[in-house]
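Please look over the sequence and the model shown below. The text after them goes through a pocket, some helix contacts and a few details of the backbone.

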Amino acid sequence: MKTASIRLPESPPSLENGEIEHVHIEPYHGRVPLNLKEFWRYRELLYFLVWRDIKVRYKQTLLGAAWAIVQPFFTMVVFSIFFGRMAQMASNGYPYPIFSYTALLPWTYFSGALSLAANSLVGSGGLITKVYFPRLIVPVSSVLSGLVDFAFAFLVLIGMMIFYGYAPTIYTILLPLFLLLALTTALGVGLWLAALNVKYRDVRYLIPFLTQFWLFATPVVYPSSLLGEPWRTFYGLNPMVGVVEGFRWALLGDKPPGLMILVSAIVSIVLLVSGVIYFRRTEDTFADLI
């Protein structure tokens with residue numbers, strides 16, 4: 001089945017002198033284009049949806065935005081007790097609380113953004129069935145809105161670094177790149193799951209299991225240095241490995257990720273590109289199935 005696009009005018013239509021806007025619907029032939037130009041024209045809608053998600057997330061909650069801090073902080077406390085103190089898990093010489101929290105910071109953002117993106121289309125069914133706009137905006141807005149929570153949780157990390165006497169390294173300037181890698185991974189997998197979730201609603205039950213399994217497949221509670229080469233590099237096939245080790249390296253001066261980060265970046269880009277392609281090929285059925 002061929003998808004169709006709505007070709008809108010390059011500028012807002014003029015209503016003077018009784019002029020009427022004409023909208024042309026044409027079928028796609030061959031490959032489905034990404035159409036970034038149309039996506040950019042709807043940037044105000046993207047901003048609105050991001051702001052909506054931020055306001056709705058903690059509306060009528062007792063702690064409000066403090067939930068963005070509570071979740072990773074208390075997870076760090078639990079990990080420190082059971083893995084750091086009781087199991088005596090290695091932490092590359094760093095205090096286990098800051099070792100685990102440095103990893104939980106990007107991981108919490110990734111898992112939250114992935115879950116929001118995967119459920120975004122079903123949650124916005126009323127909007128999708130009534131108004132035309134690039135459907136890609138919905139999962140993208142979900143991933144971007146999680147950055148606010150990340151910023152709040154990052155403040156706790158700053159306090160922990162001051163408490164334990166760790167100063168930021170010169171590589172801290174690379175932190176946005178590792179965060180971008182986490183965002184790319186969350187969006188890539190989120191696009192796959194969002195499109196599948198429209199057709200198969202049991203995907204929403206898969207997401208908690210997937211994130212839980214992925215957590216223990218990522219060096220959050222343990223260091224990747226437990227693996228020797230070349231297995232440590234192959235471990236980077238999990239893109240969140242590069243993100244977590246990159247955060248520890250940039251903030252604490254831990255062992256450089258080396259080729260691991262390159263492998264993680266390649267896998268992340270592949271996930272994003274394939275996710276966008278699959279999303280675009282199936283989006284013409286969203287309004288019917290939702």
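In this predicted model, the largest pocket holds about 540 Å³ of space. Its lining consists of 24 residues, and those nearest the centre of the pocket are Gln-71, Thr-108, Tyr-109, Ser-111 and Gly-112. Helix 3 (67-86), helix 4 (96-123), helix 6 (137-164) and helix 8 each give at least two residues to this lining. Helix 4 makes the largest contribution, with 10 residues. Sorted by class, the lining of the largest pocket comprises 13 nonpolar, 9 polar and 2 charged residues.

One of the residues nearest the pocket centre, Thr-108, belongs to helix 4. Leaving aside residues up to four places away in sequence, Thr-108 touches Gln-71 and Pro-72. Gln-71 is itself among the residues nearest the centre of the largest pocket. The C-alpha atoms of Thr-108 and Ala-68 are 9.1 Å apart, while 40 residues separate the two in sequence.

Next comes helix 7 and its contacts with other helices. Helix 7 spans residues 175-199 and packs against helix 8, residues 203-216, at an angle of about 155°, with 10 Å between the axes. An angle over 145 degrees counts as roughly antiparallel, and helix 7 and helix 8 are therefore roughly antiparallel to each other. Their crossing is right-handed. On the helix 7 side the contact is made by Thr-185, Val-189, Leu-193, Leu-196 and Asn-197, and on the helix 8 side by Val-203, Arg-204, Ile-207, Leu-210 and Trp-214. By class, the residues of this contact are 7 nonpolar, 2 polar and 1 charged. Helix 8 is also one of the helices that supply the lining of the largest pocket.

Helix 10, residues 239-252, is another partner of helix 7: the two axes come within 9 Å and cross at roughly 160°. The same cut-off, over 145 degrees, applies here, so helix 7 is roughly antiparallel to helix 10. The crossing of helix 7 with helix 10 is left-handed. From helix 7, the residues Leu-175, Phe-178, Leu-179, Leu-181, Ala-182 and Thr-185 take part, and they meet helix 10 residues including Pro-239, Met-240, Val-243, Phe-247 and Trp-249. The contact of helix 7 with helix 10 has 12 nonpolar and 3 polar residues, and no charged ones.

Helix 11, residues 259-282, packs against helix 7 at an angle of about 30°, and the axes are 8 Å apart. Helix 7 passes helix 11 in a left-handed crossing. Among the helix 7 residues in this contact are Phe-178, Leu-181, Thr-185, Val-189, Trp-192 and Leu-196, and helix 11 brings residues including Ile-261, Ser-264, Leu-271, Gly-275 and Phe-279. The contact of helix 7 with helix 11 divides into 15 nonpolar and 8 polar residues, with no charged residue. Thr-185 takes part in the contact with helix 8, in the contact with helix 10 and in the contact with helix 11.

Two backbone details remain, both in loops. Most residues other than glycine have a negative phi, and most peptide bonds are trans. Gln-88, which is not a glycine, has a positive phi of about 55°. Gln-88 sits in the loop between helix 3 and helix 4. The peptide bond joining Glu-229 and Pro-230 is cis, with an omega of about 5°. Pro-230 is in the loop that runs between helix 8 and helix 9 (231-234).

Note on methods: Residues numbered from 1 in each chain as written. Predicted model: local features only at pLDDT ≥ 70, side-chain atom pairs only at ≥ 80, totals over all residues. Heavy atoms only, no water. Axes fitted to C-alpha atoms, helices over the stretch in contact; angles between N-to-C directions. Helix = DSSP H or I, 4+ residues; strand = E, 2+ residues; numbered from the N terminus. Parallel < 35°, antiparallel > 145°, perpendicular 65-115°, else oblique. Left-handed = near helix turned anticlockwise from the far one by under 90°. Contact = heavy atoms within 4.5 Å. Nonpolar A, V, L, I, M, F, W, Y, C, P; charged D, E, K, R; others polar. 1 Å grid on protein atoms, 1.4 Å probe; cavity = no way out; pocket = protein on both sides within 12 Å on 5 of 7 lines; lining within 4 Å. Points joined across faces, edges and corners; volume = space filled by probe spheres on them.
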